[in-house]
Amino acid sequence: MKKYLIDNNNNSNYEYEDEKSIDSELMCSICSKPFSEPVSTTCDHTFCRECISLWITKKKKSCPTCRQQIKSDGEFTQVSRPLRNMLDRLPIKCSHCGQKGLQRDNYNDHINKICLKKKITCTAADIKCDWSGLREELQKHLTICKFEPLRPLLTELITTNQQFINQKQKLITDNEQLTEQNKKHNIQINELTNKLSIVNNVLPSLEKFTEGQSNSIIDFSQQNITDRSLTNIIQKMMNKNYSVIQLQGNVITSQGITDLIQVLLHNSKTLIDLWLSNNCISDLGVGTLFDSYLSINSTLKQLHLGSNCISDRGVEYITFMLEVNSTLTDLWLYNNKITDIGARNLALVLRQDNRILKHLDLQWNKSITDSSVEYFVAMLKSNQTLERLNLRKCGLSINGKMQLLQAVAEKKDFKLYI
Ligand SMILES: [Zn+2]
Ligand SMILES: [Zn+2]
Ligand SMILES: [Zn+2]
Ligand SMILES: [Zn+2]
């Protein structure tokens, strides 16, 4: 048999008994010993697994016997069970204690549990006894071992210590979490503090505003107030700010409106609802109202101008205002002298410019006729803001009304009064 240079000396703890008589079929040609974990190559030659693996990594990537190429140790296959059994049953002798007649596959049991000459550690090594010696000396050591008798106590102490270590680790983790939470809380507190200071800054002006709101309605309706008596009222009205001023049902003319302007300007930041219906303010009064008050930035949302002898000329002022206004949502112009000219102008401004008015009341303007209908229809198609249009008791025919009804048929929540 050829012998090769690698010495796989992994069986140094035992010797084969009568090695020369072992069948050469059972011998590895690399280490010259009986196979240990034998494997076969694809060329059907057998070696110890470790021997052939070392061979192909350290020597050549080919079979030592026939030189056929070996790519990797993944190509090896385990040899048959009978061959492995024969190898396992080979008789050996323990190199430590010299005991003969052991089977090779029982050697691990012998050395780990039985061999008296094997060097071992104390059974109390786990509780810190650092004795080591031959197995046959262990019993003698145990008679003087200081640790083994303390096993119950030491075990308890070790367990307790481990519990302390665990608790300490838990406290460290808890502390880290608390620190993290604390950081988050601090951030939240900062945010809240910032918000609070914003609220505190706004609060005074809010209080001032609500103060104005709480007493903000003044009602002088239906009291036969003339331009003359209005001047007395105006003096009283200058002491406060109002959100609603009710002057409907009096006999105020354009002259009264001229005097009223100072009140309206005084309330230009608070006034939301102005009632002037059923007076005689006429086109001139409307002109003054728009020139001196509504052309500036006002807060007015509702304007009641019904029954005031307003004609198309007055409507012209109103359309100028509607072109640029951004607050007025409700406008009452019922029972005036508005004709198709005024009606068409209103329809045009609502079609093109105004995107704020929600409610327009034109009822009882008898001179608004079918010739305004196409303007309203076009307006209703493009204006998406207006929600209510009142054209009752105007000069519309059934046909005109039908056209208007058709125009709003597909508008959602639109209320057309005709
Ligand atoms: Zn071998
Ligand atoms: Zn081969
Ligand atoms: Zn032994
Ligand atoms: Zn010991």
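Is Glu19 buried, exposed or partly exposed? Select Glu19 to find out: at 27% relative accessibility, it counts as partly exposed. The labels have fixed cut-offs: buried is under 20% relative accessible area, exposed is over 50%, and partly exposed is in between, using a 1.4 Å probe and protein chains only.

Before moving on, know that this is a predicted model, where local features need pLDDT of at least 70, side-chain atom pairs count only at pLDDT 80 or more, and totals for chains, interfaces and linings use all residues. Residues are numbered from 1 along each chain as its sequence is written, chains are lettered from A and ligands numbered from 1 in the order in which they are written, and side-chain values use heavy atoms, with hydrogens and water left out.

**Stop 1: the Glu19 partner**

Keep Glu19 on screen and add Lys33. These two form a salt bridge, with the closest N and O atoms 3.8 Å apart. (A salt bridge here is a side-chain nitrogen of Lys or Arg within 4 Å of a carboxyl oxygen of Asp or Glu.) Both Glu19 and Lys33 sit in the loop between E1 and E2, so the pair ties together parts that are 14 residues apart in sequence. Lys33 is partly exposed too, at 31% relative accessibility. As for the names, helices (H or I, at least four residues) and strands (E, at least two) are DSSP runs, numbered from the N terminus.

**Stop 2: the zinc ion (ligand 1)**

Next, click on the zinc ion (ligand 1). Which residues hold on to it? Look for the SG atoms of Cys28, Cys31, Cys48 and Cys51, at 2.2 to 2.4 Å. Donors are N, O and S atoms within 2.8 Å of the metal (3.2 Å for Na, K and Ca), and water is not among the atoms, so sites may look incomplete.

Along the chain, the spacing of these donors reads C-x2-C-x16-C-x2-C. Cys31 lies in the loop between strand E1 (14-16) and strand E2 (38-40), while Cys48 is in strand E3 (residues 46-48), so this pair ties together parts that are 17 residues apart in sequence. Cys31 is buried, with a relative accessible area of 9%, and Cys48 is buried as well, at 1%.

Now check the geometry. The angles among the four donor atoms run from 104 to 115 degrees, which makes the arrangement tetrahedral. Four donors count as tetrahedral if all angles lie between 85 and 135 degrees. For four tetrahedral donors, the ideal angle at a metal is 109.5 degrees.

While you're here, select residues 28-67. UniProt annotates that range as "domain: RING-type", in an unreviewed entry; such annotations may be inferred rather than shown by experiment, and positions are given in the numbering used here, with feature names shortened. The stretch is 25% helix and 15% strand, and its end C-alpha atoms are 16 Å apart.

**Stop 3: the zinc ion (ligand 3)**

Jump to the zinc ion (ligand 3). Its protein donors are Cys94 (SG), Cys97 (SG), His110 (NE2) and Cys115 (SG), 2.1 to 2.3 Å away. Here the spacing is C-x2-C-x12-H-x4-C. Cys94 belongs to strand E5 (residues 91-94) and Cys115 to the loop between helix H3 (107-114) and strand E7 (119-121), so the pair ties together parts that are 21 residues apart in sequence. Cys94 is buried, at 1% relative accessible area, and so is Cys115, at 0%. This site is tetrahedral, with angles of 99 to 115 degrees among the four donor atoms.

**Stop 4: more salt bridges**

How many salt bridges are there by this rule? The count is eleven. Try Lys93 and Glu15, whose closest N and O atoms are 3.8 Å apart. Lys93 is in strand E5 and Glu15 in strand E1, so they tie together parts that are 78 residues apart in sequence.

Then pick Arg151 and Asp126, a salt bridge with its closest N and O atoms 2.9 Å apart. Arg151 is in helix H5, while Asp126 is in the loop between E7 and strand E8 (132-134), 25 residues apart. Add Glu148: salt bridges with shared partners join Asp126, Glu148 and Arg151 into one network.

**Stop 5: along helix H5**

Finish by selecting residues 161-195, which UniProt (unreviewed entry) lists as "coiled-coil region". This span is 100% helix and 0% strand, with its end C-alpha atoms 50 Å apart.

Last, select Val199, which is in helix H5 (residues 151-214). Val199 is partly exposed, at 44% relative accessible area. Together with Ile198, Val202, Leu203 and Leu206, Val199 makes a nonpolar surface patch of about 400 Å². Patches are made of residues with over 30% relative accessible area and no salt bridge, joining like charges within 9 Å and nonpolar side chains (Val, Leu, Ile, Met, Phe, Trp, Tyr) within 5 Å. The areas come from the Shrake-Rupley method with a 1.4 Å probe, and for residues only the protein chains shown count as cover.

Key:
Tetrahedral: all angles 85-135°; square planar, octahedral: opposite > 155°, others 65-115°.
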